[in-house]
Amino acid sequence: MRILLNTKAETIPDDLAEAPLLFVLRDHFGLNGPKFGCGVGSCGACTVVIDGEAQRSCLLPAGSLDGKAILTLEGLSAGAKLHPFQQSWIAESVPQCGYCQNGQIMTAYALLAARPEAGADDIAEAMDGVLCRCGTQARIHKAIIRAQAMMREER
């Protein structure tokens with residue numbers, strides 16, 4: 001099975017076809033951005049972007065993704081240059097425990113990639129399914145707005 005992983009052509013071995021994408025990303029490809037949180041797609045810690053859509057990697061058999069483009073947190077930055085989402089997360093001091101950050105960033109990235117002018121209500125709705133047990137939702141929202149402005153300036 002061939003995939004495009006963070007813009008690089010990769011192959012998922014046939015013996016991993018039934019494994020959840022999350023474990024293939026972490027154990028086979030060594031990508032630690034996506035986290036195991038709940039295993040049932042409820043928390044969002046394992047979120048990746050597949051063909052432009054935020055999806056829970058713990059629910060997806062790796063073999064179902066042949067030909068798909070998969071973007072993980074590690075694929076956002078361009079070398080040493082951090083993506084606006086990564087920059088804004090730092091500027092707004094978002095992380096507390098940090099566990100949900102992958103899901104927060106990847107969900108917000110997918111939203112703004114599809115809808116660059118999304119409003120506050122759209123952002124709140126999209127982020128509603130990604131749990132943050134530390135209560136940093138206000139900082140997360142501010143960071144998304146900051147990243148949106150930075151991305152607008154780059155266009």
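**Close-up views of a predicted model**

**View 1. A nonpolar patch on the surface.** Phe-23, Phe-36 and Tyr-99 come together as a nonpolar patch on the surface, and their accessible area adds up to about 280 Å². Keep in mind, here and in every view below, that this is a predicted model. To find Tyr-99, look in the loop that runs between helix H2 (84–91) and helix H3 (101–114). Tyr-99 has 40% relative accessibility, so it counts as partly exposed.

**View 2. Ser-88, tucked away in helix H2.** Now step into helix H2 itself, where Ser-88 sits. Is Ser-88 buried or exposed? Its relative accessibility is 0%, so Ser-88 counts as buried. And which residues does Ser-88 touch, leaving aside those up to four places away in sequence? They are Ala-143, Arg-146, Ala-147 and Met-150. Arg-146 belongs to helix H5, and it turns up again in View 5.

**View 3. Lys-68 meets Asp-51.** How many salt bridges does the structure hold? There are seven, and the next three views pick out some of them. As background, side chains of opposite charge can pair when their charged atoms come close. In this view Lys-68 pairs with Asp-51, and the closest N and O atoms are 3.6 Å apart. The two partners are 17 residues apart and link distant parts of the chain: Lys-68 is in the loop between strand S4 (53–56) and strand S5 (69–71), while Asp-51 is in the loop between strand S3 (47–50) and S4. Lys-68 is partly exposed at 31% relative accessibility, and Asp-51 is partly exposed too, with a relative accessible area of 46%.

**View 4. Glu-154 meets Lys-81.** Here the salt bridge is between Glu-154 and Lys-81, with 3.8 Å between the closest N and O atoms. Why does this pair tie together parts that are 73 residues apart in sequence? Because Glu-154 lies in helix H5 (residues 137–154), whereas Lys-81 lies in the loop between S5 and H2. Glu-154 counts as exposed, at 52% relative accessibility. Lys-81, at 48%, counts as partly exposed.

**View 5. Arg-146, Glu-92 and a small network of charges.** Arg-146, the contact of Ser-88 from View 2, also has a salt bridge with Glu-92, at 2.8 Å from N to O. Arg-146 is in helix H5 and Glu-92 is in the loop between H2 and H3, so this pair ties together parts 54 residues apart in sequence. The relative accessible area of Arg-146 is 36%, which makes it partly exposed, but Glu-92 is buried, with just 13%. Lys-142 joins in as well: salt bridges with shared partners put Glu-92, Lys-142 and Arg-146 in one network.

**View 6. Cysteines without a bond.** A disulfide is a covalent bond between the sulfur atoms of two cysteines. How many disulfides are there in this model? The count is zero. Take Cys-43: it is in no disulfide, and the nearest cysteine sulfur, which belongs to Cys-38, is 3.8 Å away. Cys-43 counts as buried, at 7% relative accessibility. Then there is Cys-134, whose closest cysteine sulfur is in Cys-97, 3.7 Å away. That is too far for a bond, because a disulfide needs the sulfur atoms within 2.5 Å. Cys-134 is partly exposed, with a relative accessible area of 30%.

Technical notes: Residues numbered from 1 in each chain as written. Predicted model: local features only at pLDDT ≥ 70, side-chain atom pairs only at ≥ 80, totals over all residues. Heavy atoms only, no water. Patch = residues over 30% accessible without salt bridge, like charges linked within 9 Å, V, L, I, M, F, W, Y side chains within 5 Å. Areas by Shrake-Rupley, 256 points an atom, 1.4 Å probe, with all protein chains shown as cover. Salt bridge = Lys/Arg side-chain N within 4 Å of Asp/Glu carboxyl O. Helix = DSSP H or I, 4+ residues; strand = E, 2+ residues; numbered from the N terminus. Buried < 20%, exposed > 50% of the residue type's maximum accessible area, 1.4 Å probe, protein only. Contact = heavy atoms within 4.5 Å.
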